[in-house]
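Here is a short set of exercises to work through with the model open in your viewer. Try each task before you read its solution.

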Amino acid sequence: MTSAPKIGVLALQGDVREHVRALEASGAGATPVRRQEELDAVDALVIPGGESTTMWKLATAFELLEPLRLRIKEGMPAYGSCAGMIMLADRIEGGIEGQQTLGGIDMVVRRNAFGRQVDSFEADLDFAARGPMRAVFIRAPWVESVGPEVDVLGRARPGDAVSEAGDRIVAVRQGPLLATSFHPELTGDARVHSYFVEMVREL
């Protein structure tokens, strides 16, 4: 893909404007997506943070859940941050009864693993060998385990609260799908979005 890719941001909940700005700063065209016709018009999709159970229910209410699953199954590139990571997981721990995801990444994600809102924190990590990066975690999940086709792109340790558990997986990629536990749209550092735009151009 030589022209600027058109990347949608799922606009049901979360930091939609911040993701749009980061994508545009990375050379992509960006647009909010709330309806199937808007989804059909984009090359790729960002699924922002928020609350994964609310996002699942809103996607169902907006009749987007099955169209999203189909596009992902057909190979549409997608990037999920925080709750978006949960939405891209094949399996989740700590979800509510009946909670569904879009799936696509062969991983187990633990919902709210790093704690509640008051346990939000920042940490330095190395993302995809792009150098040190300051990452913001808000009620963040972590990845419990990954399948053989999943590449681990980043790990973080939040400090004393779970330091006994060691570093946790907080960034992964499987083919055209990317996910992070943290919120890169909040830091002004567009390297994660640039990485995703490069992925979209390559596919």
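**Exercise 1. Find which residue follows helix α4 and what sign its phi has, then work out how the helix is packed.**

Step 1. Gly 75 comes after α4, and its phi is positive, near 105 degrees. Helices here are DSSP runs of H or I with at least four residues, strands are runs of E with at least two, and both are numbered from the N terminus. The model is a predicted one, in which local features need pLDDT of at least 70, side-chain atom pairs count only at pLDDT 80 or more, and totals for chains, interfaces and linings use all residues. Residues are numbered from 1 along each chain as its sequence is written, and side-chain values use heavy atoms, with hydrogens and water left out.

Step 2. Next, list the buried positions, where buried means under 20% relative accessible area, exposed means over 50% and partly exposed lies in between (1.4 Å probe, protein chains only). In α4, residues 65-73, these are Leu 65, Pro 67, Leu 68, Arg 71 and Ile 72.

Step 3. Look down the axis of α4: the buried residues fall within an arc of 165 degrees, so they line one face of the helix. The arc is taken over the directions from the helix axis to the C-beta atoms. The general background is that an α-helix has 3.6 residues a turn, so residues three or four places apart point the same way.

Step 4. Finally, ask what covers that face. The cover includes β1 (6-10), α2 (36-40), β3 (44-47), α3 (52-61), α5 (83-88) and β12 (177-180), with contact meaning heavy atoms within 4.5 Å.

**Exercise 2. Repeat the analysis for α3: which residues are buried, and what do they pack against?**

Step 1. The buried residues of α3 are Ser 52, Thr 53, Met 55, Trp 56 and Ala 59. Viewed down the axis of α3, they fall within an arc of 165 degrees, so they line one face of this helix.

Step 2. Their packing partners are β3, α4 and α5.

Step 3. Check the end of the helix too: just after α3, Glu 63 takes a positive phi of about 55 degrees.

**Exercise 3. Trace the strand pairings around β4 and β11, and decide how enclosed these strands are.**

Step 1. Start with β4 (78-81). Both of its faces are covered, with Ala 78 and Gly 80 buried on one side and Tyr 79 and Ser 81 buried on the other.

Step 2. Count the bridges of β4; two strands pair if DSSP finds at least two bridges between them. β3 and β4 are parallel and share 3 bridges, with Leu 45 opposite Ala 78. β4 and β12 also run parallel, joined by 4 bridges, and Tyr 79 stands opposite Leu 178.

Step 3. Move to β11 (residues 168-174): 7 of its 7 residues are buried, so this strand is largely enclosed by the rest of the structure. β10 (residues 151-156) is antiparallel to β11 over 5 bridges, and Asp 151 has Arg 173 as its bridge partner.

Step 4. β11 is joined to β12 by 4 bridges in the antiparallel sense, with Gln 174 opposite Leu 177. These two strands form a hairpin with 2 residues between them, and Gly 175 in the turn has a positive phi of about 60 degrees.

**Exercise 4. Is Pro 77 buried or exposed, and which residues does Pro 77 touch?**

Step 1. Pro 77 sits in the loop between α4 and β4. Its relative accessibility is 7%, so Pro 77 counts as buried.

Step 2. Leaving out residues up to four places away in sequence, Pro 77 touches Asp 43, Ala 44, Leu 45, Pro 176, Phe 196, Val 200 and Leu 203.

Step 3. For a link across the chain, take the C-alpha atoms of Pro 77 and Arg 201: the two residues are 124 residues apart along the chain, and these atoms are separated by 9.9 Å.

**Exercise 5. Compare the loop residues Ala 129 and Arg 139.**

Step 1. Ala 129 lies between β7 (121-126) and β8 (132-137). Although not a glycine, Ala 129 has a positive phi of about 55 degrees, and it is exposed, with a relative accessible area of 69%.

Step 2. Arg 139 lies between β8 and β9 (142-146). Its phi is positive, near 45 degrees, and at 31% relative accessibility Arg 139 is partly exposed.

Conventions. Two strands pair if DSSP finds at least two bridges between them.
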